[in-house]
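Colleague: Before I use this model, I would like to go through the labels attached to it and hear the grounds for each.

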Amino acid sequence: MIYLKTDDEIELLRQSNLLVGKTLAEVAKYIKPGVTTKQLDIIAEEFIRDHGAIPTFKGFPNPYGEPYPASLCTSVNEQVVHGVPNDRPLEEGDIVSIDCGTNLNGYCGDSAYTFCVGEVDEAIKALLRTTKEALYKGIAQAVHGKRVGDIGAAVETHCVAQGYDVVREFVGHGIGREMHEEPQIPNYGKKGTGVMLKTGMCIAIEPMITLGKRKLVMHADKWTVSTADRLPAAHFEHTVAVRQGKADILSSFEFIEAVLAEKAI
Ligand code: MG
Ligand code: MG
């Protein structure tokens with residue numbers, strides 16, 4: 001069942017998603033060598049609750065029915081998604097993909113951004129750049145009358161052209177009152193195939209792209225997923241509303257990138 005949202009519901013989704021963007025920006029202020037992902041998680045949870053929202057990831061069950069223990073997913077270097085915050089200090093040259101979800105007034109926000117910790121290798125920065133570009137290529141296809149496969153094809157084509165691989169086991173999704181609704185939004189696919197996109201559909205598009213091969217391994221914690229070859233992966237995610245002619249991006253990287261620009265001075 002795909003729920004089409006009214007304009008009022010889309011505004012509520014925007015508010016929740018803007019809070020996610022602001023939470024990631026708050027977290028971004030503290031990302032540097034020496035900080036732990038657990039410390040970042042505490043900052044995020046406080047910020048979300050101070051703004052009258054609930055961190056949707058906390059308590060979310062894995063396929064074994066075990067509740068997720070944190071408010072953020074913090075996936076470092078070869079970790080692709082669902083990295084559980086821990087006490088290992090981040091180091092110069094690491095990257096950390098931070099995924100955040102909120103429930104504000106009954107509507108879900110979901111967005112992710114991959115950050116550099118201090119100075120990072122140029123090859124890894126290029127992976128981050130390409131993944132973010134691929135996200136926007138996918139978003140450009142999220143318009144009324146196109147199909148889900150158009151999004152996946154746009155993401156995949158852009159990344160494969162640069163020599164990267166595209167994760168298939170984890171995909172984007174519909175979003176609304178539930179964090180994960182139908183349809184699934186893969187980051188690969190064939191143009192002109194799959195579910196037709198309609199005005200009012202709200203979806204999270206979230207390319208997970210690997211520097212090496214896309215083969216994955218699951219950690220013993222039954223959450224954290226890494227690349228089998230231990231080469232780094234990047235993850236960027238926006239929640240968008242499908243519209244006629246142009247997608248409406250409900251989440252925002254603006255707050256994050258203002259913090260990053262400030263830190264670069
Ligand atoms: Mg997410
Ligand atoms: Mg998502």
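Colleague: In which strand does P183 lie?

Modeller: This is a predicted model. P183 lies in strand β8, which covers residues 181-185.

Colleague: What makes the bond between E182 and P183 a cis peptide bond?

Modeller: The omega angle of the bond joining E182 and P183 is about 0 degrees, and the bond is cis.

Colleague: Why is V166 called buried?

Modeller: Buried means under 20% relative accessible area. V166 has 3%, so V166 is buried. The residue is found in strand β6 (residues 165-166). V166 touches E156, C159, V160, N187, M208, I209 and R214, leaving out residues up to four places away in sequence.

Colleague: Why does N105 count as exposed?

Modeller: The cut-off for exposed is over 50%. N105 has a relative accessibility of 54% and therefore counts as exposed. N105 sits in the loop between β4 and β5 (107-116). Its phi is near 55 degrees, a positive value in a residue other than glycine.

Colleague: What is the phi of R230, and is R230 buried or exposed?

Modeller: R230 is not a glycine, yet its phi is positive, about 60 degrees. Its relative accessible area is 60%, which is over 50%, so R230 is exposed. The residue is found in the loop between β12 (225-227) and β13.

Colleague: What makes D110, H173, E206 and E237 donors of the magnesium ion (ligand 2)?

Modeller: A donor atom must be within 2.8 Å of the metal here. The atoms concerned are D110 (OD), H173 (NE2), E206 (OE) and E237 (OE), and they lie 2.1 to 2.3 Å from the ion, so they count as donors. Along the chain these donors follow the spacing D-x62-H-x32-E-x30-E.

Colleague: Which residues coordinate the magnesium ion (ligand 1)?

Modeller: D99 (OD), listed twice, D110 (OD) and E237 (OE) coordinate the magnesium ion (ligand 1) at 2.0 to 2.5 Å. The spacing of the donor residues in sequence is D-x10-D-x126-E.

Colleague: Why do you say that D99 and E237 tie together parts of the chain?

Modeller: D99 lies in strand β4 (residues 95-104) and E237 in the loop between β13 and β14, so the pair ties together parts that are 138 residues apart in sequence. D99 counts as buried because its relative accessibility is 8%, under 20%. E237 is at 0% and so counts as buried.

Colleague: How do you know that D110 bridges the magnesium ion (ligand 1) and the magnesium ion (ligand 2)?

Modeller: D110 coordinates both ions, and they are 3.1 Å apart.

Colleague: What describes the packing of helix α1 and helix α2?

Modeller: Two packed helices are described by the angle between their axes and the distance between the axes. The axes of α1 (residues 7-28) and α2 (residues 37-50) come within 9 Å and cross at roughly 140 degrees. The crossing is right-handed. L19, K22, T23, E26 and V27 of α1 meet L40, I43, A44, F47 and I48 of α2. By class, this contact has seven nonpolar, one polar and two charged residues.

Colleague: How many residues does the largest nonpolar core have?

Modeller: The largest nonpolar core has 54 residues, and I31, I98, I203 and I205 have the most contacts inside it. Helix α3 (residues 122-140) gives the most to this core, with seven residues. A second, separate core of 15 residues includes L13, A70, C108 and I175.

Conventions: Residues are numbered from 1 along each chain as its sequence is written. Chains are lettered from A and ligands numbered from 1 in the order in which they are written. This is a predicted model: local features need pLDDT of at least 70, side-chain atom pairs count only at pLDDT 80 or more; totals for chains, interfaces and linings use all residues. Side-chain values use heavy atoms; hydrogens and water are left out. A nonpolar core is a set of buried Ala, Val, Leu, Ile, Met, Phe, Trp, Tyr and Cys residues joined through side-chain atoms within 4.5 Å. Buried means under 20% relative accessible area, exposed over 50%, partly exposed in between (1.4 Å probe, protein chains only). Helices (H or I, at least four residues) and strands (E, at least two) are DSSP runs, numbered from the N terminus. Donors are N, O and S atoms within 2.8 Å of the metal (3.2 Å for Na, K and Ca); water is not among the atoms, so sites may look incomplete. Axes are lines fitted to C-alpha atoms, for helices over the stretch in contact, and angles run from 0 to 180 degrees between N-to-C directions. A crossing is left-handed if the near helix is turned anticlockwise from the far one by less than a right angle, and right-handed if clockwise. Contact means heavy atoms within 4.5 Å. Ala, Val, Leu, Ile, Met, Phe, Trp, Tyr, Cys and Pro count as nonpolar, Asp, Glu, Lys and Arg as charged, and the others, Gly among them, as polar.
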